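Got the model open in your viewer? Keep the selection box handy, and we'll walk through it stop by stop.

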Amino acid sequence: MSSELLQTVKSPAVNSPHRTFPLERTRNIGIAAHIDAGKTTLTERILFYTGMIHKMGEVHEGTTVTDWMEQERERGITITAAAISCFWPEKKEQGLVKLFEGEKFRINIIDTPGHVDFTAEVERSLRVLDGVIVVFCGVAGVQPQSETVWRQANRYKVPRIAFVNKMDRIGADFDKVIEEIRTKLDGYAWPVLLPLGKEDQLRGQIDVICQKAIVYTDNDKLGSTYVITDIPAEYQAVAREAKAKLIAALADRDETMAELFLEEKEPSPLEIKLAIRRLVVKNEFVPVVGGSAFRNKGVQSLINAVVDYLPSPLDIDPPKGHHPYTHAPVEVIVSDASKFCALVFKIWSDPYVGKLVFFRVYSGILRKGDSVYNVRTGKRERISRIVQIQANERKDIEVVYSGDIAALVGIKEVATGDTLTAEGFEVSLEPPVFPEPVISMAVEPKAQSDREKLSHSLQRLMEEDPTFRVHTDLETGQTIISGMGELHLDIITDRLRREFGVSVNAGAPQIAYRETIRKHAVGEGKLIKQSGGRGQYGHVILEMAPLERGNGVEWESKIVGGTIPKEYIPACFKGIQEALGAGILYGSPVTDLKITIIDGSYHEVDSSELAFKMAAIFAVKDALKKADCYLLEPIMKVEVSTPSEFQGDILGDLTRRRGKILNVETKGNTSIINAEVPLAEMFGYVNDIRSMSKGRAAYSMEPSHFEEVPVHIYNALLDQKKK
């Protein structure tokens with residue numbers, strides 16, 4: 001490759017001379033998709049072909065590397081995101097052009113869950129990744145969780161490659177899936193590797209750019225052997241048309257390609273690949289690859305595409321944070337020579353080593369024995385142990401560099417989303433955003449002697465899972481756990497038994513309602529206690545205002561003149577937070593409002609943090625009584641796939657469940673029904689839909705938004721609560 005072309009691919013890097021792989025040859029990628037699209041199978045194939053494992057495991061056999069939890073292997077699903085590293089040489093292959101021929105790359109992979117109950121794992125993984133392979137089923141196409149994953153990737157501006165998997169399945173339609181990516185996801189998607197054949201005739205791939213066929217040897221079931229050959233005659237016209245459309249699509253977005261296009265010059269394969277890389281890095285283009293991970297066809301070409309098109313840590317915009325006190329923007333320079341800065345994206349309770357703190361290094365170097373500064377807590381901690389994660393295996397290492405993903409052992413006060421920095425580097429990075437729980441249930445230990453053990457175990461589970469919440473019902477004294485769905489809470493109770501040795505009795509699942517307000521209100525709270533000696537005095541006046549649905553809770557202080565001393569303001573905020581945990585209607589958390597502390601008073605001797613915290617609680621309760629509160633319920637986005645003959649029955653049933661039908665699509669003899677239905681009406685739906693369709697229909701659902709509970713439902717809920 002010419003030095004001129006190389007400059008557009010590689011960025012100037014500041015690499016430590018001690019690191020094995022420079023930043024420009026590092027890829028941090030995730031694999032994400034709807035459940036059952038084949039993510040874990042694809043990960044297993046990548047690990048096999050990169051030499052990390054010597055025998056392929058299968059999801060249905062419970063033998064995959066990244067599905068290492070007992071529950072994952074038993075159920076055949078991914079529950080927790082697993083991190084693993086592998087290495088890939090871009091070797092020369094006759095007839096194919098590669099951007100980095102002859103170089104070896106380190107690829108850090110995170111395999112994420114597809115089930116909506118574990119969407120937090122996808123959210124936090126995408127926050128720290130530089131690229132993602134989004135996997136689609138060649139038959140089902142774009143499914144509900146595919147849309148969720150795509151939106152999450154959009155939120156964090158993560159460049160992506162689309163892999164249309166299962167092209168060996170009956171009914172697989174590559175072109176249809178690409179069309180759905182464009183229309184449903186608004187992805188500027190064009191194929192770079194077409195499947196060669198489909199269903200039981202799938203033989204390999206057509207390289208659109210180099211106009212070559214990659215044909216796999218049928219007698220080699222492991223898919224390691226393939227040949228590069230001319231495209232079979234019956235596919236040549238399709239391949240030429242695909243290349244012409246690809247060049248035109250690139251010319252629409254890339255200046256260099258546009259010039260060649262206008263001059264009617266045929267771009268070389270190298271120029272096409274460079275254009276794709278430029279656009280993918282800018283998040284303006286999605287290369288599409290077709291194949292079958294299960295049948296071992298097309299995975300090696302996909303890895304080549306990852307190396308060629310997805311960015312290194314140097315190619316994307318430097319992470320931007322803000323100063324924790326002044327909130328001034330701060331840019332983190334990706335380089336080993338910069339000050340250390342990392343983001344904690346996951347915490348995991350390991351039975352052997354204790355708390356594992358997963359982090360992504362954005363700048364600088366961290367060595368064992370160094371101290372890190374937690375920007376959120378303002379505390380420093382010494383690093384005694386750093387481990388490299390290979391699924392469920394831990395390898396102790398001495399040092400991590402910018403761009404690395406690793407885990408710390410022994411850090412105490414740390415939470416998901418914390419920024420860890422070198423001493424004196426004041427920057428707070430944007431934490432991942434997590435959805436609110438939608439379902440709750442009461443739990444109690446089967447043995448009363450386990451009550452304290454249960455409390456400790458739930459606290460550890462809550463630390464590692466930001467979508468899992470625990471609180472105590474003040475009226476009944478019950479311990480209530482909340483999560484993203486029935487499966488989520490089922491896995492939690494199973495982990496309590498297996499990992500923490502606490503068996504629990506669980507109540508029936510309940511809806512995690514929310515409360516909010518319709519109008520502005522002012523609340524006043526006072527705590528005055530005098531019983532000889534030092535008393536307690538706190539006085540807070542605050543204003544409450546509604547926010548648009550989905551905006552959560554905001555608070556600020558407009559205290560001037562020291563009517564409340566600034567050292568008591570944090571205590572006021574703590575009181576506000578505690579008070580909003582249980583509303584006045586149904587005892588549910590209060591959301592979608594802004595609280596502003598506007599006035600108050602203090603006593604030079606009797607005022608304390610506790611007094612102001614209690615005064616703030618009283619003020620919030622006072623304002624809620626005047627703010628016209630109402631109850632919100634979670635609405636689920638539901639997709640039902642059913643033979644067309646059962647469409648009428650299922651539509652009628654969804655309507656009876658207070659569902660709003662959004663649209664109905666037809667794919668052959670199958671109807672795809674999209675609807676929004678209150679979660680309260682979806683309990684037991686799996687049995688009902690099987691009964692209506694003789695077991696032939698399937699459905700998936702994910703949280704969509706919250707809506708006001710109808711009056712008659714609200715009154716029934718209050719009557720039920722009184723009983």
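What follows is a tour of some helix pairs, salt bridges and single residues.

Before you click, note that this is a predicted model, numbered from 1 along each chain as its sequence is written, and that local features need pLDDT of at least 70, side-chain atom pairs count only at pLDDT 80 or more, and totals for chains, interfaces and linings use all residues. Side-chain values use heavy atoms, with hydrogens and water left out.

**Stop 1: Leu47**

Select Leu47, which sits in helix H2 (residues 39-49). Helices here are DSSP runs of H or I with at least four residues, strands are E runs of at least two, and both are numbered from the N terminus. Is Leu47 buried or exposed? At 0% relative accessibility, Leu47 is buried. (Buried means under 20% relative accessible area, exposed means over 50%, and partly exposed is in between, using a 1.4 Å probe and protein chains only.) Now add Ile84: the pair is 37 residues apart in sequence, and the C-alpha atoms are 8.8 Å apart in space.

**Stop 2: helices H4 and H5**

Select residues 119-128 for H4 and 144-155 for H5; their axes are 9 Å apart and the packing angle is about 30°. Axes are lines fitted to C-alpha atoms, for helices over the stretch in contact, and angles run from 0 to 180 degrees between N-to-C directions. That angle makes H4 roughly parallel to H5. (The cut-offs: under 35 degrees is roughly parallel, over 145 roughly antiparallel, 65 to 115 roughly perpendicular, and the rest oblique.) H4 and H5 cross in a right-handed way; a crossing is right-handed if the near helix is turned clockwise from the far one by less than a right angle, and left-handed if anticlockwise.

Show side chains for Thr119, Val122, Glu123 and Leu126 on H4, then Gln145, Thr148, Val149, Gln152, Ala153 and Arg155 on H5, since these residues make the contact. Contact here means heavy atoms within 4.5 Å. The contact residues of H4 and H5 split into four nonpolar, four polar and two charged. (Nonpolar covers Ala, Val, Leu, Ile, Met, Phe, Trp, Tyr, Cys and Pro; charged covers Asp, Glu, Lys and Arg; the others, Gly among them, are polar.)

**Stop 3: salt bridges**

How many salt bridges does a search of the whole structure find? It finds 44. The test is a side-chain nitrogen of Lys or Arg within 4 Å of a carboxyl oxygen of Asp or Glu.

Start with Arg295 and Asp168, whose closest N and O atoms are 3.2 Å apart. Arg295 is in the loop between strand S10 (286-290) and helix H10 (299-309), while Asp168 is in the loop between strand S5 (160-165) and helix H6 (174-184), 127 residues apart. Arg295 is partly exposed at 46% relative accessible area, whereas Asp168 is buried at 17%.

Go on to Glu464 and Arg495, a salt bridge with its closest N and O atoms 2.5 Å apart. Glu464 belongs to helix H11 (residues 451-464) and Arg495 to helix H12 (residues 486-500), 31 residues apart. Glu464 is buried at 2% relative accessibility, and Arg495 is buried at 5%. Then select Arg19, Arg106, Asp336 and Asp404, which salt bridges with shared partners join into one network.

**Stop 4: helices H8 and H9**

Select H8 (residues 255-262) and H9 (residues 269-281), whose axes come within 9 Å and cross at roughly 140°. H8 and H9 are therefore oblique to each other. Thr256, Met257 and Leu260 of H8 meet Glu271, Ile272, Ala275 and Arg278 of H9.

**Stop 5: Thr596**

Find Thr596 in strand S33 (residues 593-601). Thr596 is buried, at 6% relative accessible area. Leaving out residues up to four places away in sequence, Thr596 touches Ile541, Leu542, Glu543, Glu556 and Lys558.

**Stop 6: helices H15 and H16**

Finish with H15 (residues 647-656) and H16 (residues 685-693), with axes 10 Å apart and an angle of about 150°. That makes H15 roughly antiparallel to H16. Asp649, Ile650, Asp653 and Leu654 of H15 make the contact with Tyr685, Ile689 and Met692 of H16. Color the contact residues by type and you should get five nonpolar, no polar and two charged.
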